[in-house]
Amino acid sequence: MPRPGHRHAAASLAWDVARELAHAAAATLAPRSLPLSAADGTTLATRLVAPAAVPPVDRSAMDGYAVAGAGPWQVVGTILAGSPDLPELSEGQAYAIVTGATAPDGTTAVLQDELALRTGSEVVGDVVPGQHIRRAGEECVAGEVLLPAGVRIDPSVLGLAAAVGLDRLMVIPRPRVAAFVTGDELVQRGPSGPGRVRDAIGPMLPGLIERAGATCTAVTQLPDSRSALVDALAKTDADLILVSGSSASGPADHLRAGLTMLGAELVIDGVACRPGHPQALARFDDGRLVIGLPGNPFAALTAFLTLGVAALHRMRGLPLPTLPVAPVPGGLAGHPTSTRLVPVRVTPQGAVPVGHAGSAMLRGAAAADALAIIEPGPTTAITARLLSLDPGASPWTF
């Protein structure tokens, strides 16, 4: 009989099921209004609607001359971008004008500066009616829906919001993530040695968290102490808490017992994947999630990419990321019962394994672009889905 707390591999969830369950277990964060300067990396909570036409008036699309009718034209003045109170152009007249300046009433075209020949106050050149004029409402009209809710806000979205005159956006904010790295043997400086192991997980987590669209509030080292872990979990105000090195069933692994003491619901208790099978996910009554990451660095990385990214996408109001498929030259053998996550370099020929894929090794991941997802079974996979090692990468990266 297995000892209490021991988990059969067969009881672990399939990798795809665990990923979907982690997404479903999270709750989308409540929307809030943020200034544009603070909205990068968040998600639109409502549709982006233009409050006014853009441009609001006809504007010049070129440096040159706003002209009326057929040439030659008499140049009667100059219009700069901020020029107010523009007079109406009469037939045969022109204004020197800069890009973005308002085209005066009566303008039939803008003669590009490079194509104009000016002698004194007279200018001539070939122009087509309507040429080089950005018409009012050309980009959008008032009330037009520009983007749907659920769009990830990037610099171009912020620029668009500013262009239509918005100062704030209603967004789903970036989740707050705190991390605890457990282990009496861990050191933060210098090499590993007898009785000491250099922490490789702590330095990874802030970048992974930020690339996954969240905010890393802290990465804290904890001793192998149940009371210290329970106290830290109880006091941490974060949407997601990561705990590494305490997720298995050994004498120094206190996460599951600690979660039980705090009344958390254990939603995922092991995932049938290699590496990373001891990972876990729990949920507190207040909605906070806890993800247990294995203590081996590559296993911890795969667990974050499996459960952490899925949960964070739901918190951000985003669907579970789809995974592109690529050929695997030469194929990759499956594990009898577990999904394999294999570091690969994506080439024009397909996904090529880079080796060094042990659960304690990061050399393979550091040289790879993605993890090839190899389904369990006795067959050799000639194609595989790809899970990006960059949590912020778009599905079409590969």
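1. Let's start with helix 4, residues 226–235, where the buried residues are Leu229, Val230, Ala232 and Leu233. They sit on the same side of the helix because they cover an arc of only 165° around the axis. That fits the usual rule: an α-helix has 3.6 residues a turn, so residues three or four places apart point the same way. Flip to the face turned away from the buried side and you find the exposed residues Ser227 and Lys235. Bear in mind throughout that this is a predicted model.

2. What covers the buried residues of helix 4? The cover includes four strands and a helix that you can pick out on the model: strand 15 (176–182), strand 18 (215–222), strand 19 (240–244) and strand 23 (289–293), along with helix 5 (255–261).

3. Two of those covering elements, strand 19 and helix 5, are linked by the loop that holds serine 246. Is serine 246 buried or exposed? It is buried, since its relative accessible area is 2% and the cut-off for that label is under 20%. For a sense of scale, try a line from serine 246 to valine 123: the two are 123 residues apart in sequence, and their C-alpha atoms are 79 Å apart in space.

4. On to the nonpolar packing. The largest nonpolar core has 49 residues, and the ones touching the most other members are Leu205, Leu242, Leu281 and Phe304. Helix 6 (residues 297–315) gives this core its largest share, twelve residues. Setting aside residues up to four places away in sequence, phenylalanine 304 touches Leu208, Ile209, Ala212, Leu242, Leu293, Val309, Leu312 and Pro391. Another core, of 17 residues, lies apart from that one, and its members include Leu34, Leu147, Leu169 and Val171.

5. Next, the three-stranded sheet. This one is open, with the order 2-14-3 and antiparallel pairing. Strand 2 (32–35) and strand 3 (43–44) are the edge strands, each pairing on one side only. Strand 2 and strand 14 (residues 168–172) run antiparallel and are joined by four bridges. If you want one pair to look up, proline 35 has arginine 168 of strand 14 as its bridge partner.

6. There is also an open sheet of six strands, ordered 9-6-8-7-11-10, and here the pairing is mixed. Strand 9 (109–112) and strand 10 (117–119) are at the edges; each has a single partner strand, so one side of each has no neighbour in the sheet. Ignoring direction, neighbouring strands in this sheet are turned by 40° against each other on average. How many bridges pair strand 6 with strand 9? Four, in the antiparallel sense, with strand 6 spanning residues 64–67. Within that stretch, tyrosine 65 stands opposite leucine 111 of strand 9.

7. Last, have a look at histidine 23 in helix 1 (residues 15–25). Histidine 23 counts as buried because its relative accessibility is 13%. Its side chain reaches the backbone nitrogen of leucine 320 at 3.3 Å. Leaving out residues up to four places away in sequence, histidine 23 touches Ala310, Ala311, His313, Arg314, Leu318, Pro319 and Leu320. Several of these are in the range of helix 6 (residues 297–315), among them Ala310, Ala311, His313 and Arg314.

Note on methods: Residues numbered from 1 in each chain as written. Predicted model: local features only at pLDDT ≥ 70, side-chain atom pairs only at ≥ 80, totals over all residues. Heavy atoms only, no water. Buried < 20%, exposed > 50% of the residue type's maximum accessible area, 1.4 Å probe, protein only. Helix = DSSP H or I, 4+ residues; strand = E, 2+ residues; numbered from the N terminus. Arc of directions from axis to C-beta. Contact = heavy atoms within 4.5 Å. Pairing = 2+ DSSP bridges. Axes fitted to C-alpha atoms, helices over the stretch in contact; angles between N-to-C directions. Polar contact = N/O pair within 3.5 Å; in protein donor to acceptor, adjacent residues only side chain to side chain. Core = buried A, V, L, I, M, F, W, Y, C linked by side-chain atoms within 4.5 Å.
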